[in-house]
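Biologist: Before we discuss this chain, could you put the sequence and the structure on the screen, so that we can go through helix packing, the ligand shell and the sheets in turn?

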Amino acid sequence: MTTQSFVAPALQFERVDAAYGVYRALFGVSFAVAPGTVKALLGSNGAGKSTLSRVATGLVPTTAGTVSIGGVDVTGREAFQIARMGAAHVPEGRGIFSDLSVEENLTLLFRQRAGRKCVGECLMRAYDAFPILKDRRKQRAGQLSGGQQRLLSLANVLVVPPALLIADELSLGLAPIVVDAVYDGLREIHRSGCALVVVEQQIDRVLDIATEALVLEHGAVVYDGPVAGALRAVEEVLAARGESRQLSPVASRPQNGNAPVADRPEPKDRPNEGRSS
Ligand code: ATP
């Protein structure tokens, strides 16, 4: 007789509904993300991608169904409890102190997550991955551009990887060269064994890193399977919406992990984000 070992999914939704007040945003969503795999989360504007991400990390409650992380039912748990179980959501601004410098932020995070003795080594790894953070290490985090703040959040999970990372529209509004740095970071996080759910508008970017894809439309799953079928599923969704257009095939891009990181200038009057936790 052979025994098969069961490995619990890093994330599993079973018939999950979610709502904002009377407005229902998710309808019976079921899927699983196996440990160490990368699931692309695709869909049109308003399809429910961000809602699904927030439900997964406890930021939005379910109204029906079950959410499990690593085989543990976390339905109804608070976001901080889910974070302690090894699930991270980037970007969500939490854990960044706008009045502290970049280095003070990283030092605090690494001291909490890796221990005081490891802080120096963790800082080195963070600066190696994102040299722009080294250049800005004395600058207050609140003065960083949105993209640089995203790199700061990502540096934290990159150096001390969670078991599950929900990466929600990381490339939004970033210059292509910064997006390259972000995706190099995601690849490194994935190499550490972390399961990823990547929400992304730039389909070719995410399908380049993903092993599977989930396509949402009107808050329901319309495709869950290998990336090879995802483009067709998205095209069908667009055609049904009367927005038929040819999507680009999965693009291969040059590996330029050491390229300098630039960022689009942020408006000077961008509100200074306080600590949100
Ligand atoms: P986008 O790519 O535009 O961010 P999305 O796929 O991430 O879209 P969601 O942001 O999850 O979609 O939105 C799903 C639905 O829920 C949309 O119809 C949206 O208007 C609605 N919604 C999202 N956030 C809220 C909120 N805080 N209050 C009320 N309705 C919301």
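Biologist: Which residues in α4 do L106, T107, F110, R111 and A114 in α3 meet?

Modeller: This is a predicted model, and the contact in question joins helix α3, residues 102-114, to helix α4, residues 119-129. The residues of this contact divide into seven nonpolar, one polar and one charged. On the α4 side, the partners of the α3 residues are V119, C122, L123 and A126.

Biologist: Is α3 roughly parallel or oblique to α4?

Modeller: The axes of α3 and α4 lie 9 Å apart and the helices pack at an angle of about 125 degrees. An angle over 145 would count as roughly antiparallel and one of 65 to 115 as roughly perpendicular. The angle therefore makes α3 oblique to α4.

Biologist: Which element gives the most to the shell around the ligand?

Modeller: The residues around the ligand include Y20, Y23, A25, G43 and the residues N45, G46, A47, G48, K49, S50 and T51, and the shell divides into four nonpolar, six polar and one charged. Two elements, β2 (23-33) and α1 (49-56), each supply at least two residues of that shell. The element that gives the most, with three residues, is α1.

Biologist: Which strands are the edge strands of the open sheet in the order β2-β1-β4-β5?

Modeller: Four strands form this sheet, and their pairing is antiparallel. Within the sheet, β1 (residues 11-20) and β4 (residues 62-69) pair over six bridges, and E14 has T66 in β4 as its bridge partner. Pairing on one side only marks the edge strands, which are β2 and β5 (72-73).

Biologist: What angle does the direction of α1 make with that of β2?

Modeller: Helix α1 packs on the four-stranded sheet, where α1 touches β1, β2 and β4. Relative to the direction of β2, the direction of α1 makes an angle of about 65 degrees.

Biologist: In the open sheet of six strands, why is one side of β6 and of β10 left without a neighbour?

Modeller: The order of this sheet is β6-β7-β8-β3-β9-β10, with mixed pairing. Six bridges join β9 (residues 212-217) to β10, the two running antiparallel, and L216 stands opposite V221 in β10. One side of β6 (87-90) and of β10 (220-226) is left without a neighbour because these strands stand at the edges, each with a single partner strand.

Biologist: At what angle to β8 does helix α7 run?

Modeller: Helix α7, residues 176-191, lies across β3 (38-43), β7 (164-168) and β8 (195-199). With respect to β8, the helix α7 runs at about 155 degrees.

Terms used. Residues numbered from 1 in each chain as written. Predicted model: local features only at pLDDT ≥ 70, side-chain atom pairs only at ≥ 80, totals over all residues. Axes fitted to C-alpha atoms, helices over the stretch in contact; angles between N-to-C directions. Parallel < 35°, antiparallel > 145°, perpendicular 65-115°, else oblique. Contact = placed C-beta atoms within 7 Å. Nonpolar A, V, L, I, M, F, W, Y, C, P; charged D, E, K, R; others polar. Near = placed C-beta within 6 Å. Pairing = 2+ DSSP bridges.
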